[in-house]
Structures are given as structure tokens and as C-alpha cells.
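Reader: Good morning. I should like to go through this structure with you, beginning with the charged side chains.

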Amino acid sequence: MEGLAQLLPIVLLFVVFYFLLIRPQRKRQQEQVAMQNSLSVGSRVMTTTGLFGTVVGFSDDDVILEVAPGVETRWVKAAIGRVLTEEPGDGIDSTENDEKSDGDNVAESPETGDSSTRKS
């Protein structure tokens, strides 16, 4: 009976680790593999290193991404971190950049700022 009482905390610790660490990690891993297997030509993706591209083809277990017009690179499927969904307002809006440049930019003016940064 004492042997069972000594073994019970170890068993409980393993059960807690399974439900809090091992099981959720397996689920995320399965979702990642399912996402990588569901890639199709034309999908916008981001690699695990942060490179954005469009899927233009497949070769064995590799994915061919177009990262710029006419620039294609080959990646393993495991390097695809996520598929980007196209939502309105996701891209860089050129009017957004124009509005920023039209405003008064205090940092560009040498007359402003403290005396240590002023030109003599």
C-alpha cells in the first residue's frame, strides 16, 4: 500500500504534463501539418522566418514561392508558418503614406530640438 502511495504523485505529475503540455502541442502540430498540406497555387503565405510570398507551384515536398515579380524561391513545406487571409485594409495604402508626409515633421527641422542638437 505504501508503494502505491509513493507512486501516485509521479503518476499524477505525468497526467498533468500530458494534459497541459503534450496534448496541446500535438494538436498545434497536427493543425500546422494540415495547413501546410492544404496549400494551393495562389495562396499568400508567410514563412517561419518572416518572408512573404505567393505559392506558384509544388515540387515533391517543396513549395515554390514568388517573393517578388519574377523572383521564385524553393522552400520545404515545413517552413510555411501561416497562410495569410486577404482582408480589406491589409495592404499598405499609398494614401496612408502620403498623409504622413504632408504633416509637419518636427524631426526634420534643425531649428527645433534642444541646444545639443542644433547646428551652429
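Author: Certainly. Please bear in mind that this is a predicted model. Arg-74 makes a good starting point: its relative accessibility is 54%, and the residue therefore counts as exposed, the cut-off being over 50%.

Reader: Which residue does Arg-74 form a salt bridge with?

Author: The partner is Asp-62, and the closest N and O atoms of the two are 3.8 Å apart.

Reader: Which parts of the chain does that pair tie together?

Author: Arg-74 belongs to strand E4 (residues 71-76) and Asp-62 to strand E3 (residues 62-68), so the salt bridge ties together parts that are 12 residues apart in sequence.

Reader: And Asp-62, is that residue buried or exposed?

Author: Asp-62 is buried, as its relative accessible area is 19%, whereas Arg-74 is exposed.

Reader: How many salt bridges does a search of the whole structure find?

Author: The search finds 1 salt bridge.

Reader: Let us turn to the sheet. What is the order of the strands?

Author: The sheet is open and has 5 strands, in the order E4-E3-E2-E1-E5, with antiparallel pairing. At the edges are E4 and strand E5 (80-83), each of which pairs on one side only. From one strand to the next, the twist averages 45 degrees.

Reader: How many bridges join E2 to E3?

Author: Strand E2 (residues 52-59) is joined to E3 by 5 bridges, and the two run antiparallel. As an example of bridge partners, Thr-54 is matched with Glu-66 in E3.

Reader: Now the helix. Where does Phe-14 lie, and is its side chain buried or exposed?

Author: Phe-14 lies in helix H1, which covers residues 2-37. Phe-14 is exposed, with a relative accessible area of 55%.

Reader: Which residues make the nonpolar surface patch?

Author: Phe-14 is one of them; others include Leu-7, Ile-10, Val-11, Leu-13, Phe-17 and Phe-19. The patch has an area of about 1100 Å².

Reader: How many aromatic pairs are there?

Author: The count is 1 aromatic pair. The rings are those of Tyr-18 and Phe-19, with centres 5.2 Å apart and planes at 85 degrees, so the arrangement is edge-to-face. The angle supports that label because planes over 60 degrees apart count as edge-to-face.

Reader: What is the relative accessible area of Tyr-18?

Author: The value is 29%, and Tyr-18 is therefore partly exposed. Its ring partner, Phe-19, is among the residues of the nonpolar patch.

Terms used. Residues numbered from 1 in each chain as written. Predicted model: local features only at pLDDT ≥ 70, side-chain atom pairs only at ≥ 80, totals over all residues. Heavy atoms only, no water. Phe/Tyr/Trp six-rings, centres within 6.5 Å; stacked < 30°, edge-to-face > 60°. Buried < 20%, exposed > 50% of the residue type's maximum accessible area, 1.4 Å probe, protein only. Patch = residues over 30% accessible without salt bridge, like charges linked within 9 Å, V, L, I, M, F, W, Y side chains within 5 Å. Areas by Shrake-Rupley, 256 points an atom, 1.4 Å probe, with all protein chains shown as cover. Salt bridge = Lys/Arg side-chain N within 4 Å of Asp/Glu carboxyl O. Helix = DSSP H or I, 4+ residues; strand = E, 2+ residues; numbered from the N terminus. Pairing = 2+ DSSP bridges. Axes fitted to C-alpha atoms, helices over the stretch in contact; angles between N-to-C directions.
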